[in-house]
Amino acid sequence: MGGSALNQGVLEGDDAPGQSPYERLSQRMLDISGDRGVLKDVIREGAGDLVAPDATVLDITLWGMELGLLSMRRGELARFLFKPTYAYGTLGCPPLIPPDTTVLFEIELLDFLDSAESDKFCDLSAEQQDQFPLQKVLKVAATEREFGNYLFRQNRFYDAKVRYKRALLLLRRRSVPPEEQHLTEAAKLLILLNLSFTYLKLDRPTIALRYGEQALIIDQKNVKALFRCGQACLLLTEYQKARDFLVRAQKEQPFNHDINNELKKLA
């Protein structure tokens with residue numbers, strides 16, 4: 001699930017005489033918590049389905065923000081007021097936010113991933129999965145890979161490789177007619193590249209090399225695969241092999257800064 005919190009503001013309404021701008025704003029906002037602890041005003045409508053009610057919202061520390069996100073659609077931009085109970089409570093967040101403070105957030109939900117469908121599919125037996133069309137398998141594998149990408153960006157490399165390997169297993173287990181082989185091969189290639197990079201981050205160059213070489217079986221001129229294999233061989237002190245991979249990568253992209261730097265490091 002992806003989103004961005006924008007323009008956080010602070011409201012100390014209990015101490016202000018008369019009505020503050022935030023209090024006036026609250027009168028036309030929708031109560032989404034049932035106790036007016038979380039109020040919402042849509043600035044730009046989103047599209048598609050709401051975030052699933054049982055979705056897990058990662059890396060969110062405010063209860064109000066989690067409730068807010070679960071009320072949104074892709075592309076939606078909304079303004080929220082969170083009472084202290086749904087925000088920073090009696091402690092506040094010194095030095096910027098005092099105790100018992102109502103806060104204003106603007107949140108844009110860029111995109112989200114729904115793993116429920118993917119989890120249910122992965123729980124099926126191989127025989128049951130084979131009853132679904134290939135497009136279904138490709139969709140589930142893509143969702144698993146996207147979750148892996150999210151975890152990778154969070155530097156959670158071990159968790160990322162679990163998602164990538166689950167996606168790869170789905171594709172390898174599937175028997176595909178020759179005319180659809182290119183679809184599964186393209187999906188496998190992306191996952192193999194991700195796995196090679198992830199194992200480099202985990203300081204496991206032997207496994208990184210193995211996945212990089214599997215990617216090269218699908219596309220022998222793939223620059224990323226050649227580069228990852230070169231990096232892995234360099235870490236394994238297999239210098240001639242590293243040079244062979246990196247020179248092949250440089251032949252495909254002569255002015256690639258990363259490749260040229262890795263060759264300098266090798267020299």
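1. A good place to start is Lys 40, which forms a salt bridge with Glu 76, the closest N and O atoms being 2.7 Å apart (a salt bridge is a side-chain nitrogen of Lys or Arg within 4 Å of a carboxyl oxygen of Asp or Glu). Lys 40 sits in strand E3 (residues 38-44) and Glu 76 in the loop between strand E5 (73-74) and strand E6 (77-82), 36 residues apart. Both Lys 40 and Glu 76 are buried, meaning under 20% relative accessible area with a 1.4 Å probe, protein chains only.

2. Please keep in mind that this is a predicted model, where local features need pLDDT of at least 70, side-chain atom pairs count only at pLDDT 80 or more, and totals for chains, interfaces and linings use all residues. Residues are numbered from 1 along each chain as its sequence is written, and side-chain values use heavy atoms, with hydrogens and water left out.

3. Strand E3 also holds Asp 41, and its partner Arg 79 lies in strand E6, so this pair ties together parts 38 residues apart in sequence. Their closest N and O atoms are 3.1 Å apart. Arg 79 is buried at 19% relative accessible area, and Asp 41 is buried at 14%. Arg 28, Asp 41, Arg 79 and Glu 106 are linked in a network of salt bridges.

4. Glu 144 and Arg 163 offer another salt bridge to look at (3.0 Å, N to O). Glu 144 belongs to helix H5 and Arg 163 to helix H6, 19 residues apart, and both residues are buried.

5. For the overall tally, the count comes to 12 salt bridges, and 44% of the 267 residues are buried.

How values were computed
Buried < 20%, exposed > 50% of the residue type's maximum accessible area, 1.4 Å probe, protein only. Helix = DSSP H or I, 4+ residues; strand = E, 2+ residues; numbered from the N terminus.
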